[in-house]
Amino acid sequence: MKLSLRVNGRDVTGDVEGRTLLVDFLRNDLRLTGTHVGCDTSQCGACTVHVDGKLVKSCTMFAVEADGAEVATIEGAAAPDGTLSVIQQAFQDHHGLQCGYCTPGMVMTAASLLRENPKPTEHEVRQYLEGNICRCTGYHNIVKAIMAASGQEMPAMAAE
Amino acid sequence: MPKDSGIGASTKRREDIRFLTGTGKYTDDINIFGQTYVHFLRADVAHAVLNGVDTTQAAAMPGVLRVFTGADFEAVGSIPCGWQITDKHGQPMQEPRHPVLAHGKIRHVGEPVAAVVAETREQARDAAEAIVLDYDELPAVMDMKKAIAEGAPKVHEELTGNLCYDWGFVEENKAATDAAFEAAAHVTTLELVNNRLVANPMEPRVAVGEYDRADDMHTLHTTSQNPHVIRLLMGAFVLGIPEHKLRVVAPDVGGGFGTKIFHYQEEAFCTFAAKALNRPVKWTSTRSEAFMSDAHGRDHVSKIQLALDADNNFTALRTETYANMGAYLSTFAPSVPTWLHGTLMAGNYKTPLVYVNVKAVFTNTVPVDAYRGAGRPEATYQLERVVDMAARELGVDPIALRRQNYITEFPYATPVAVEYDTGDYHATMDKLIEIADIAGFAARRADSEKAGKLRGLGINSYIEACGIAPSNLVGQLGARAGLYDAATVRVNATGSISVMVGAHSHGQGHETAFPQVISEMIGIPEDQIHIVHGDTSKIPFGMGTYGSRSLAVCGSAMVRAAEKVINKAKKIAAHLLEASEGDIELKDGSFSVAGTDKSVAWGDVTLAAYVPHNYPLTDIEPGLEETAFYDPANFTYPAGAYACEIELDPETGHVKIERFSAADDFGNIINPMIVSGQVHGGIAQGIGQALLENCAYDADGQLISASYMDYAMPRADDLPFYSVDHSCQTPCTHNPLGVKGCGEAGAIGSPPSVVNAVIDAIQSGGMNVAHIDMPLTPSRVWAAMHGARTNAGAAQPAAGSSDTAHARSIGGAA
């Protein structure tokens, strides 16, 4: 089945099986390997991308369903000159990643959150991350990074 | 003032840039021209005689290149075990053969039985569904005590039974320990379960095998914490490939937590099949496969007893543990309940007599091996729960009871064969009391109670052992490997440095932290130093990353290699400056002659080494590159004190972590930001074990927690911000950096304080609950609370509990 869509602002076409998942199309056909697969039950969020501005787990959508859509992945998050986005920079500044595997999904989710809710509370950040699992950071520095990216510096943690 | 570079600086991680922009290179991102795909058909029964595997139909399916079965691997070695335990009678453990693909018998759900290699992943998966297995199901061996009872079905016919070993430690202490119990003023007894866990790094395992017929060269790309160990185990013991014909590459690896230490069948399969088919062969695990094929962790059932004298001094400790090995011995499995567990049973306390008995048992389950902490969390959990229980029974303050029994003089030789070099347990407890605001707890409890909730405070101490060594000692203990590490410091002509290290970074930030050390030693900017790891063709050798060993062991090797480089560079500088070598000083990237203003820059010396026109060629060789192997003299002993404060909803049994504080002593620290991050992640895994995670089997050996729908991973809204401190520092005395290791502390130190806090909350509500087994889910907590109220004395079994997992710990008489 043929499809054409825009990915990170570029027009792309593809020819896939009906059962091909969007994440596999991105990774295998477009070689956009920044989007990861961490589970097979739509739980972990490592494959999170934006489709027409909406937050989508790309393992939960067939590639052909994205025909005609505008898809944004982690590869399009930084500026063309390589300058990190505010969220990406906050993740580095606050050590919001360790192994890096969940990170693309976390960054895409954070971008969606801050678009919907520019000044979230800590509780709102944690709630919004419910569909993204990180095994390394204990979420502490991810939440801090997102709060910082929203312009809200966290009060200093005791003795940290 | 905080430093902005070198040792002690919170340098931002350079590896973050590629991970944040989607340009990391994980194993599944590797695709090789001509690549094929393997799909493993995995057993869906726990225990069966495998009469035959009919691959006829599958082999004829579109795109299928070949279907492999156990028969194809008869001439291949067994997946090896890297540690042999000697039992309490002096006999070696029972060690069954571990085939690449099941042959003749199926021994656990998820065991690979056949493998289809096809042109596409989908073709391989489709064809696997056409394979027909002929098997006769056998009763599953699940419960550890039943497994070693007379007449139990055997997991392995060739063994005498399901007992792998019965280990006593220290056997010579047993009689004296028992006598001390006879003489005790008080004995506290606790039976508990250390719940089976799945490590769950977010990147599932991947293997890509490659073969180059032109030079008979094998390459395996794999998600490993230790590529050299895989090269040795797979090359020498399984496939018979010498090291010079086998390259193992572990590129960016998305977390490990222990489960990526081990050599797995899928790695051997892809390497073997790549040669057999003369095509690259790729396997990418699904998460469902990961649950039933990654080695699991923990799964101990223990009884621990603490004896105290009339003054509440600990006089003796004894434990009896059943440790689940699963169906086969994974790489380091036998060492986990023994040398990584028994040696830590003294904890932070000067208990003079300790005796540990461990029975390791084969069952029809996935093999169990090291998971973050590996043996040390199991030891700490038992000890810190029984000490807390003793304090409750005696009506004394749990902090005071601990303090009274702390070891205070170092070095300290424990009764379990290890010597702690340094520590200050009162200092970390003092710090904990401060950062956890224990003084304010009573007011917070009062507020909770006003809102109809119960509030509990749990504290614990912990000690762990990192950087297991020295090699000659671990060899005596049964390790079939050395536990040193290696590094090469290669100084380039213009002064930049490449450091090839045997440690592997899969989240720990070595690419950032290791250059901080070299920068500090030489005085050149950190960005002039590059770390190379994860490829046996690029680095000299290495035992990899596990057991919080990277900095203490490999970092020490790097320091030794850098010292050799500096010594040689000083000789060159002395020549250039026409001075005596003994007068040369290196500071801020410049060599100077002591007491003069003569100096030569680092880059001029390194250039001279590679362009040796003005050079003492008769005395020293050109070039500037040195390798060092470092074999530590002892373990390192990080220690600390943790506090957890929870709020419990008595209506539902739901436990909410309100505050979590950790005061650790890791010795010297290279990058405090990274250290805090390691502790955060460990705490989250420890809280996960205590409240959420449980790997559960049913009585037939079906894995009933095999996805993220069923296995409760900690999520952001399950966890609070943590308060962590590592300002208490007693540097390690025997490695050049004075570092101890920080990777596992959080996972070791946190479960007991969580459970202690829940028990404290329940008892504050007047309910006599002494213990609840992890995970403390709302249903277990609620049942315990109600059992104690309405059904005192009649224990209620845990959901899905087996006999070994007892029917005792929920509710019941306290």
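The following paragraphs lead through a predicted model, from its chains and domains to its open spaces and a few single residues.

The starting point is the meeting of the two chains. Chain A brings 55 residues to the contact and chain B brings 58. Together they bury about 4,700 Å² between them, with carbon and sulfur atoms giving 55% of that area. On the side of chain A, Q92(A), R126(A) and R135(A) account for 18% of the area that chain A buries against chain B, more than any other three residues.

Q92(A) also belongs to helix α2 of chain A, which covers residues 86-93. The buried residues of this helix are I87(A), Q88(A), A90(A), F91(A) and Q92(A). Part of what covers them comes from chain A itself, including α3 (103-116) and α5 (140-149). Chain B takes part as well, since α1 (16-20) of chain B is among the covering elements. Just after α2(A), H95(A) adopts a positive phi of about 55°.

Chain B can be read through its domains. Domain 1 is made of residues 35-138 and 207-283, domain 2 of 296-468 and 634-790, and domain 3 of 484-630. Taken over C-alpha atoms, the centres of domain 1 and domain 2 of chain B are separated by 36 Å. Contact between these two domains involves 28 residues of domain 1 and 25 residues of domain 2. The area buried between them is about 2,300 Å², and carbon and sulfur atoms give 65% of it. Three aromatic side chains stand out by name here: W83(B), F257(B) and F262(B) supply 27% of the area that domain 1 of chain B buries against domain 2, more than any other three residues.

Next come the spaces inside and between these parts. Rolling a probe the size of a water molecule over the atoms shows where empty space is left. The largest pocket has a volume of about 1,200 Å³. Its lining consists of 45 residues, and those closest to the centre of the pocket are D24(A), R121(B), E122(B), R125(B) and T286(B). Chain A gives two or more residues to this lining through α1 (22-29), while chain B does so through β1 (36-42), α3 (121-128), β13 (281-284) and α8 (287-293). With 6 residues, β1(B) gives the most to the lining. By residue type, the lining of the largest pocket has 17 nonpolar, 10 polar and 18 charged residues.

Enclosed spaces are treated separately. There are 9 cavities of 30 Å³ or more. The largest cavity has a volume of about 790 Å³. It is lined by 50 residues, and T545(B), G547(B), S548(B), R549(B) and G743(B) lie nearest its centre. The elements giving two or more residues to this lining are α14, α15 (550-577) and α17 (672-692) of chain B. The lining of the largest cavity divides into 24 nonpolar, 21 polar and 5 charged residues.

The second largest cavity has a volume of about 130 Å³. It has 19 lining residues, of which H98(B), Y264(B), Q265(B), S293(B) and P367(B) are the closest to its centre. In this lining, 9 residues are nonpolar, 8 are polar and 2 are charged. The second largest cavity brings back the two domains described above, as domain 1 and domain 2 of chain B each give at least three residues to its lining.

Two loop residues of chain B complete the tour. Q528(B) sits in the loop between α14 (510-522) and β23 (529-532). Its relative accessibility is 34%, so Q528(B) counts as partly exposed. Leaving aside residues up to four places away in sequence, Q528(B) touches S496(B) and I497(B). The C-alpha atom of Q528(B) is 8.5 Å from that of S498(B), which is 30 residues away along the chain.

P731(B) lies in the loop between β30 (722-725) and α18 (745-764) of chain B. P731(B) is partly exposed because its relative accessible area is 35%, a value that falls between the limits of 20% and 50%. Beyond residues up to four places away in sequence, P731(B) touches T422(B), G667(B), N668(B), G738(B) and K740(B). One of these, N668(B), is 63 residues from P731(B) in sequence, yet their C-alpha atoms are 5.4 Å apart.

Methods
Residues numbered from 1 in each chain as written. Chains lettered and ligands numbered in written order. Predicted model: local features only at pLDDT ≥ 70, side-chain atom pairs only at ≥ 80, totals over all residues. Heavy atoms only, no water. 1 Å grid on protein atoms, 1.4 Å probe; cavity = no way out; pocket = protein on both sides within 12 Å on 5 of 7 lines; lining within 4 Å. Points joined across faces, edges and corners; volume = space filled by probe spheres on them. Helix = DSSP H or I, 4+ residues; strand = E, 2+ residues; numbered from the N terminus. Nonpolar A, V, L, I, M, F, W, Y, C, P; charged D, E, K, R; others polar. Buried < 20%, exposed > 50% of the residue type's maximum accessible area, 1.4 Å probe, protein only. Contact = heavy atoms within 4.5 Å. Domains from an automatic or database assignment. Buried area = accessible area lost by both parts, 1.4 Å probe.
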